[in-house]
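Trainee: I would like to go through this model with you, one topic at a time. May I start?
Mentor: Please do; the structure is shown below.

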Amino acid sequence: MLTLAADIEVLARFGRALADPIRCRILLALRDAPAYPADLADALEISRTRLSNHLACLRDCGLVVTVPDGRRTRYELADERLGHALDDLRNAVVAVEADRTCTDADEKGCC
């Protein structure tokens, strides 16, 4: 059980990062390989300005880091374990969804 404020803050930051679908897409892309912002914007089909705002959020959450590469800056996950955590979280949610017992979940937005 989480009781320490630091543990709760860590999970809150992770939740904040995952709360936006674009940030989820960025994390999943970086899980596969480091990338440059222009390439990420093109791959995700979003503007560079919008991408920049989301990357700033992910940096502030401590989930991605910048790596200078000559005149360019590459982004990557702050730790490779984050990629594994994303996979584990997705698999757990899929498993729980398959076991839902609430028949009104889709209509009521519960479960």
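Trainee: Where is Glu76 placed?
Mentor: Glu76 belongs to strand 2. Helices (H or I, at least four residues) and strands (E, at least two) are DSSP runs, numbered from the N terminus. This is a predicted model, in which local features need pLDDT of at least 70 and side-chain atom pairs count only at pLDDT 80 or more, while totals for chains, interfaces and linings use all residues. Residues are numbered from 1 along each chain as its sequence is written, and side-chain values use heavy atoms, with hydrogens and water left out.

Trainee: How exposed is Glu76?
Mentor: Glu76 is partly exposed, at a relative accessible area of 23%. Buried means under 20% relative accessible area, exposed over 50%, and partly exposed in between (1.4 Å probe, protein chains only).

Trainee: And which residues does Glu76 contact, leaving aside neighbours within four places in sequence?
Mentor: With those neighbours set aside, its partners are Leu30, Pro34, Leu63, Val64, Val65 and Val67. Contact means heavy atoms within 4.5 Å. As for C-alpha distances, Glu76 and Thr66 are 10 residues apart along the chain and separated by 6.6 Å. Asp32 and Glu76 are 44 residues apart in sequence, with 9.5 Å between their C-alpha atoms.

Trainee: What about Asp32 itself: buried or exposed?
Mentor: Asp32 is exposed, with a relative accessible area of 58%. Asp32 sits in helix 2.

Trainee: Then let us turn to helix 2. At what angle do the axes of helix 1 and helix 2 cross?
Mentor: The axes of helix 1 (residues 5-18) and helix 2 (residues 21-32) cross at roughly 100° and come within 6 Å. That makes helix 1 roughly perpendicular to helix 2. Angles under 35 degrees count as roughly parallel, over 145 as roughly antiparallel, 65 to 115 as roughly perpendicular and the rest as oblique. Axes are lines fitted to C-alpha atoms, for helices over the stretch in contact, and angles run from 0 to 180 degrees between N-to-C directions.

Trainee: Which residues make that contact?
Mentor: Helix 1 contributes Arg16, Ala17 and Leu18, and helix 2 contributes Arg23, Cys24 and Leu27.

Trainee: Leu27 caught my eye. What else does Leu27 touch, not counting residues up to four places away in sequence?
Mentor: On that count, Leu27 touches Leu18, Leu58, Leu63, Val64, Leu77 and Leu86. Leu27 is also among the residues with the most contacts inside the largest nonpolar core, along with Ile26, Leu30, Leu51, Leu58, Leu63 and Val64. That core has 22 residues. A nonpolar core is a set of buried Ala, Val, Leu, Ile, Met, Phe, Trp, Tyr and Cys residues joined through side-chain atoms within 4.5 Å.

Trainee: Which elements give two or more residues to this core?
Mentor: They are helix 1, helix 2, helix 3 (37-44), helix 4 (48-60), strand 2 (72-77) and helix 5 (80-98).

Trainee: Leu58 appears there as well. Is Leu58 buried or exposed?
Mentor: Leu58 is buried, at a relative accessible area of 0%, and is found in helix 4. Beyond four places in sequence, Leu58 is in contact with Ala17, Arg23, Ile26, Leu27, Leu63 and Val64.

Trainee: And His54: buried or exposed?
Mentor: His54, in helix 4, counts as buried at 10% relative accessibility. Neighbours within four places aside, His54 is in contact with Asp20, Ile22, Arg23 and Ile26.

Trainee: A change of topic: what is the phi of Glu45?
Mentor: Glu45 has a positive phi of about 55°, although it is not a glycine. Most residues other than glycine have a negative phi. Glu45 lies in the loop between helix 3 and helix 4 and is exposed at 72% relative accessibility.

Trainee: Lastly, how many helices and strands does the protein chain have?
Mentor: The protein chain has 6 helices and 2 strands, in the order α-α-α-α-β-β-α-α along the sequence. Of the 111 residues in the chain, 26% are buried.
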